[in-house]
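Visitor: I am new to this structure and should be grateful for a close look at a single part of it. Once that part is clear, please lead me onward to other places.

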Amino acid sequence: MNRPLVKITAADYHTAGEPFRIVSAGLPGISGATVLDKRAGASSNQELEQIRKLLVNEPRGHADMYGGFIVEPNDDGADFGVLFWHGDGYSTACGHGTIALGAWAVDTGLVAAEPNGETAVTIDVPSGRVQALVTQENGITTKISFRNVFSHAIAEAVPVDLDDGRTVLVDIGYGGANYASIEASKLGLSVEPKHLDELIRIGRQIKWKLNETPESNSQADERLNGIYGTIIFDEINSTETELHQRNVTIYADGRVDRSPCGSGTAARIAQLAHSGKLTKSMTLVHDSIIGTRFLGRIEETQTHGQSSGVIPVITGNAFQVANSEFLLFENDELDAGFSLR
């Protein structure tokens, strides 16, 4: 019998439409004292890279696939750690993935859940320690809130020269990763699927033109630097209690987040708090390009060194869609998969 060279079992979830593929067993040893250290060496781990490429690329994944490898936490204060991955490598943060991991931890019994209340799932991620707060009613998960790391505004009105000759102004904020933000109307666009190709093109340009600027390299640990994504948003409505926006986040190298983007929402909360548009008594209603929604709020304000910022909490939900066993056979010529975008 022809036996597979690689056999990987994964649990697939979606958070507000964005996929998250979880692998908790069958992984090679990953060196590093902390999750951030493990991320730093992950791309040079050939066996791990084979698994990532197998799962993220076609025909087993797709251009915008996302997932995580479960690893040891930094210490006993967390339930587990995770390396977030996508089509271009490994990210420092992933809010929608954190929400999915909260659901997975409770669904699998890894963390014992309160069937009528809130259960905290504590996770070490490359950008720090986060929590997924899983709320259940009669044993059914009704919502999951993601309590993020310290998030803060970095710069406002940073000029970017686009390839078409226009100069646009963007804001830069940190929510576990650095994001540039710009209102879609400033680009002559709106956040709708019919404009997706142009949103990807411009979002990718902005990311790469800013990636080596001083504003994108403001974190104390250089491993957290660089622009991870561009958030392009529409202003929908504002009241005394709510600020409503719709966004699409173009992350990594032209990848598209179907959800409102968890760590991107955290960066938006920090930016909006800095500008005075969002207060602790308000909710950010954050919609995605496909119409799904996160609710964001400021849990507390903090100062870290010279930076004033917030601890944001973002609420959504996640649902399991599959348990899958992925195989690679010796005579498969597409051993690393492929991507057409």
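At 75% relative accessibility, does Leu-340 count as buried or exposed?

Guide: The model before you is a predicted one. In it, Leu-340 counts as exposed, because its relative accessibility of 75% is over the 50% that the term requires. Leu-340 is found in the segment that follows strand E18, a strand spanning 318-328. On the surface, Leu-340 forms a nonpolar patch with Leu-334 and Phe-338. Taken together, Leu-334, Phe-338 and Leu-340 have about 290 Å² of accessible area.

Another leucine offers a contrast. Leu-54 belongs to helix H2, which covers residues 46-56. With a relative accessible area of 2%, Leu-54 is buried, because that value is under 20%. If neighbours within four places in sequence are set aside, the residues in contact with Leu-54 are Val-6, Arg-60, Leu-328 and Asp-335. As for distance, the C-alpha atoms of Leu-54 and Ile-144 are 29 Å apart in space, and the two residues are 90 residues apart in sequence.

A buried polar residue may be considered next. Asn-148 sits in the loop that runs between strand E8 (140-147) and strand E9 (152-161). Its relative accessible area is 3%, and Asn-148 is therefore buried. A polar atom of the Asn-148 side chain lies 2.8 Å from the backbone oxygen of Gly-175. Gly-175 also appears among the residues that Asn-148 touches, where those up to four places away in sequence are not counted. The others in that list are Val-130, Gly-176, Ala-266, Ile-311 and Pro-312.

Charged side chains complete the tour. Side chains of opposite charge can pair when their charged atoms come close. In this model, the count of salt bridges comes to 18. One of them is formed by the side chains of Arg-223 and Asp-37, with an N to O distance of 2.8 Å. Arg-223 is located in the loop between helix H4 (196-210) and strand E12 (227-238), whereas Asp-37 is in helix H1 (residues 35-42), so this pair ties together parts that are 186 residues apart in sequence. Arg-223 is partly exposed at 31% relative accessibility, and Asp-37 is likewise partly exposed, at 27%.

A second salt bridge joins the side chains of Arg-129 and Asp-124, with 2.7 Å from N to O. Here the two partners differ in their exposure: Arg-129 counts as partly exposed at 35% relative accessibility, while Asp-124 counts as buried at 1%.

A third salt bridge links Arg-204 with Asp-253, whose closest N and O atoms are 2.5 Å apart. Arg-204 lies in helix H4 and Asp-253 in the loop between strand E13 (242-251) and strand E14 (255-256), so the pair ties together parts that are 49 residues apart in sequence. Arg-204 is partly exposed, having a relative accessible area of 39%. Asp-253 is partly exposed as well, with a value of 28%. Finally, salt bridges with shared partners join Asp-37 and Arg-223 to Asp-221 in one network.

Note on methods. Residues are numbered from 1 along each chain as its sequence is written. This is a predicted model: local features need pLDDT of at least 70, side-chain atom pairs count only at pLDDT 80 or more; totals for chains, interfaces and linings use all residues. Side-chain values use heavy atoms; hydrogens and water are left out. Helices (H or I, at least four residues) and strands (E, at least two) are DSSP runs, numbered from the N terminus. Buried means under 20% relative accessible area, exposed over 50%, partly exposed in between (1.4 Å probe, protein chains only). A polar contact is a pair of N or O atoms within 3.5 Å; within protein, one must be able to donate a hydrogen and the other to accept it, and residues adjacent in sequence count only if both atoms are side-chain atoms. Contact means heavy atoms within 4.5 Å. A salt bridge is a side-chain nitrogen of Lys or Arg within 4 Å of a carboxyl oxygen of Asp or Glu. Patches are made of residues with over 30% relative accessible area and no salt bridge: like charges are joined within 9 Å, nonpolar side chains (Val, Leu, Ile, Met, Phe, Trp, Tyr) within 5 Å. Accessible areas come from the Shrake-Rupley method with a 1.4 Å probe; for residues, only the protein chains shown count as cover.
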